[in-house]
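Me: Please take a close look at one aspect of this structure, the packing of helices against one another. Which residues make the contacts, and how are the axes arranged?

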Amino acid sequence: MEKPGRRIGLKHGSGGRAMRQLIEDTFLKLASPVDGIGLAALDDGAALRVGDRWLVLTTDSHVVQPTFFPGGDAGRLAVCGTVNDLAMMGATEPLGLTCAVVLEDGYPLVDLDRLVASMAEAAREAKAPIVTGDTKVMGKGEVDGIVLNTSGVALADRVVTDAGLRAGDRIIVTGTVGDHGMAIMSRRHDLRLEGDLRSDVAPVNGLVREALRAGGEDVVAMKDPTRGGVAGVLHEMAAKGKVGVVIDEGAVPVRDEVRAAAEMVGIDPLLVANEGKAVIGVRAASAEKVLAALRAHPLGRDAAIVATALAERPGAVILDTGFGRRMLAEPEGELLPRIC
């Protein structure tokens, strides 16, 4: 009897090793040579040379559950997620976004109106106009409520990839970690945890612009720590840069409410998704200057230098707890599916 074939699981869309393996085994068959950075780079977007500048483009689909959560909703997240992916490539001034919506038959119009209003507000905040889109309606049960897809394009003078770390570089997190994932978990499972758990979802293109102004070409790697959290991002950066990374656990900014909730459910905040933060690799000589620029911005007040790149142990991420060091494993997938 023929054995059943492998099937897709939720872990394959949740960041980490499983999703990367799926992409490498399946979707990289679509990759073609380009004059710039294409699909094979597995970065936050693509960058194609246009004259003496770069056209940066990215796309993302959003299936967050619940659709409305403390601090935001799927509409705000869709706009911010695409704006932030552009910013992670060094493109902080979007030319335009697209919006495609797949709706389930019977979806409440009042909820759709609320999401559209939220998207419009986020687009104004990011100075990222929504310029075209598409709408589809599926039968009852054929899609879970609503799926939002947004794409974005921007021009950049210089592209920043996620592969530029070298030994000695400092790694900055632009704010507290774990806020989005813990807020989603609390609302989805009605955990009734103490404290104000709220998503950090926000467009960080203005914040990143300040980092680039301060650091110039010494800003060498960027990525937003969404699925897989900061730990997942550092594993990708370490592997691509062929460096080791040591995290100073005591330097990682975590809100008290997030830390308490994470300890209660047994989750490391470093593994939890964020939607309004960036991880930035900077040459050591410019790290303090970039940190000061970030802290001067409202979204970067809690920015901190949290890690250092090493020549030893390329691809490894090591957590220095202050009492010793241990390997920080790359997540297999996001601990909480459908967080973005």
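Reply: The following account takes two helix pairs in turn. This is a predicted model, in which local features need pLDDT of at least 70 and side-chain atom pairs count only at pLDDT 80 or more, while totals for chains, interfaces and linings use all residues. Residues are numbered from 1 along each chain as its sequence is written, and side-chain values use heavy atoms, with hydrogens and water left out.

Helix α2 (residues 74–88) packs with helix α3 (residues 109–126) at an angle of about 30 degrees, the axes being 7 Å apart (helices are DSSP runs of H or I, at least four residues, numbered from the N terminus; axes are lines fitted to C-alpha atoms over the stretch in contact, and angles run from 0 to 180 degrees between N-to-C directions). The two helices are therefore roughly parallel (under 35 degrees; roughly antiparallel is over 145). Their crossing is right-handed (the near helix is turned clockwise from the far one by less than a right angle). On the α2 side, A74, G75, R76, A78, V79, C80 and V83 make the contact (heavy atoms within 4.5 Å). From α3 come L115, S118, M119, A122, A123, E125 and A126. By class, this contact of α2 with α3 comprises ten nonpolar, two polar and two charged residues (Ala, Val, Leu, Ile, Met, Phe, Trp, Tyr, Cys and Pro count as nonpolar, Asp, Glu, Lys and Arg as charged, and the others, Gly among them, as polar).

In the second pair, helix α5 (residues 205–215) and helix α8 (residues 287–295) have axes that come within 8 Å and cross at roughly 150 degrees. Helices α5 and α8 are therefore roughly antiparallel to each other, and their crossing is right-handed. L207, E210, A211, A214 and G215 of α5 meet K289, V290, A293 and L294 of α8. The residues of this contact of α5 with α8 are six nonpolar, one polar and two charged.

Note on methods: Parallel < 35°, antiparallel > 145°, perpendicular 65-115°, else oblique.
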